[in-house]
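Grab a coffee and open the viewer: here is a short set of exercises on reading a fold, each with a worked solution. Try each one yourself before reading on.

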Amino acid sequence: MIAALAVLVTLLMLLHGWIPDRGPHLGSLVETFLPWTAAAAAALLAAALLRRSRVALAAALLPAVTWAGVHGGTFLDRGTGGRADLTVVTHNVDDVNPDPAGTARALAASGAQLIALEELTRPALQEYERTLAASHPYHAVAGTVGLWSTHPLRDTASVPLVPWRSALRATAETPGGPLTVYVAHLPSVRILPGSGFTTGRRNEAAGRLAAELDSAPAGRMLLLGDFNGTTDDRALAPVTGRFRSAQEAAGAGFGFSWPARFPVARIDQILLRDLTPVSAWTLPATASDHLPVAASLRW
């Protein structure tokens, strides 16, 4: 039994792309929590040690070694170090956040020149505007997402994704030249009995965002926000496949961002094009159910 399960877990790690992603979207579900196959590998090792069977132990080492080969490098600090020209933060601030002013102060204290916020509500928006006005005098809002900047913003526009949600596009006039910035919050997903992993609306919004990116300006670009999915999720590849992930390129660890109390997945992303990531990290928890994520970049 241990040997059979060990082979199954190993195949899951290596061949997850073959899992069908129609209907209950099992492929996306597995890819969202792919790093947690470590728990299955550890459980198999523990079971093999309890049985004191050399055969079982040899079999259980297979998924452990495979996981180390696939994910082990994630725990190395991939940051390049040296000078950074720009620091950015993105944060789903939670529509029931009881302390928007405190959240805004914490984000401003990060020293980021660009702060992207998702899940804004009309009452809380005034608090964010009031609190960030001194440190980030330029801002633009589209529906429930917004961008605050220390640099002037121009050409701001709302990009419809689904009837109740839009993305924001803006150009930041930085000392290093113009920088196109998108802020997006893709629809939520759920795991429901009988329906499986409900990603339909999210995937629809991702398709519309991908279509928008087809006509986006060339050159330096940032895509910030809550994707309700990881960069491993193939359903988001039409969007994420165009960019580098700051966390994957220059972070240490997986950078899990949700839920804040016990993060299990990185669904909040800083994606970039024609920029060099210097470092990436998560900020301390605010009153939101997500952790803020940050990155420093070089032109």
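**Exercise 1. Find where E119 sits, then check its backbone.**

Solution. Start with the position: E119 lies in the loop between β2 and α6. Next, look at the backbone: phi of E119 is near 70°, a positive value in a residue other than glycine. Keep in mind that you're working with a predicted model here.

**Exercise 2. Work out the strand order of the open sheet that contains β13 and β14, and say which strands stand at the edges.**

Solution. Step one, the order. Six strands line up as β3-β4-β2-β1-β14-β13 in an open sheet, and the pairing is mixed. Step two, the edges. β3 (138-142) and β13 (276-282) each have a single partner strand, so one side of each is left without a neighbour in the sheet. Step three, the twist: from one strand to the next it averages 15°.

Now zoom in on one edge. β13 and β14 (residues 293-298) run antiparallel and are joined by six bridges. For a landmark there, take W281, which stands opposite A294 in β14.

Last step, what packs on this sheet? That would be helix α6 (residues 122-132), which touches β2 (114-118), β3 and β4 (145-149). The direction of α6 makes about 5° with that of β4.

**Exercise 3. Stay with α6: find a salt bridge inside the helix, then describe how α5 crosses α6.**

Solution. First, the general idea: side chains of opposite charge can pair when their charged atoms come close. In this case the pair is E127 and R130, whose side chains meet in a salt bridge at 3.2 Å, N to O. Both residues lie in α6, three residues apart, about one turn of the helix. For the full tally, the structure holds 10 salt bridges.

Then the crossing. The axes of α5 (residues 100-108) and α6 come within 9 Å and cross at roughly 40°. Handedness: α5 passes α6 in a right-handed crossing. On the α5 side the contact is made by P100, A101, T103, A104, R105 and A108, and on the α6 side by A124, E127, Y128, T131 and L132. Notice that E127 turns up again, this time in the helix contact. Sorted by class, the contact has seven nonpolar, two polar and two charged residues.

**Exercise 4. Take α3 and describe how it packs against α1 and against α4.**

Solution. Two packed helices are described by the angle between their axes and the distance between the axes. Let's do α1 first. The axes of α1 (residues 2-15) and α3 (residues 37-51) come within 10 Å and cross at roughly 160°. That makes α1 roughly antiparallel to α3, with angles over 145 degrees counted that way. The crossing is left-handed. From α1, the residues in contact are I2, L5, A6, V9, L12 and M13; from α3, they are T37, A40, A41, L44, A47, A48 and R51. By class, that gives 11 nonpolar, one polar and one charged residues.

Now α4 (residues 54-71). Its axis and that of α3 come within 8 Å, crossing at roughly 160°. The two helices are therefore roughly antiparallel to each other, and the crossing of α3 and α4 is left-handed. In α3, T37, A38, A41, L44, L45, A48 and L49 meet A56, L57, A60, L61, P63, A64 and W67 in α4. The class count for α3 with α4 is 13 nonpolar, one polar and no charged residues.

**Exercise 5. Trace the sheet that contains β5 and find the helix that packs on it.**

Solution. Order first: this open sheet has six strands, β5-β6-β7-β10-β12-β11, with mixed pairing. At the edges stand β5 (153-162) and β11 (244-245), each with a single partner strand, so one side of each has no neighbour in the sheet. Next, β5 runs antiparallel to β6 (residues 165-174), and seven bridges join them. One place to look is R154, whose bridge partner in β6 is T171. Finally, the helix: α7 (residues 200-214) packs on the sheet and touches β5, β6, β7 (177-185) and β10 (221-226). The direction of α7 makes about 140° with that of β5.

**Exercise 6. Locate P259 and characterise the peptide bond that joins W258 and P259.**

Solution. P259 sits in the loop between α9 (246-250) and β12 (268-273). The bond joining W258 and P259 is a cis peptide bond, with omega about -15°.

Terms used. Residues are numbered from 1 along each chain as its sequence is written. This is a predicted model: local features need pLDDT of at least 70, side-chain atom pairs count only at pLDDT 80 or more; totals for chains, interfaces and linings use all residues. Side-chain values use heavy atoms; hydrogens and water are left out. Two strands pair if DSSP finds at least two bridges between them. Helices (H or I, at least four residues) and strands (E, at least two) are DSSP runs, numbered from the N terminus. Axes are lines fitted to C-alpha atoms, for helices over the stretch in contact, and angles run from 0 to 180 degrees between N-to-C directions. Contact means heavy atoms within 4.5 Å. Angles under 35 degrees count as roughly parallel, over 145 as roughly antiparallel, 65 to 115 as roughly perpendicular and the rest as oblique. A crossing is left-handed if the near helix is turned anticlockwise from the far one by less than a right angle, and right-handed if clockwise. Ala, Val, Leu, Ile, Met, Phe, Trp, Tyr, Cys and Pro count as nonpolar, Asp, Glu, Lys and Arg as charged, and the others, Gly among them, as polar. A salt bridge is a side-chain nitrogen of Lys or Arg within 4 Å of a carboxyl oxygen of Asp or Glu.
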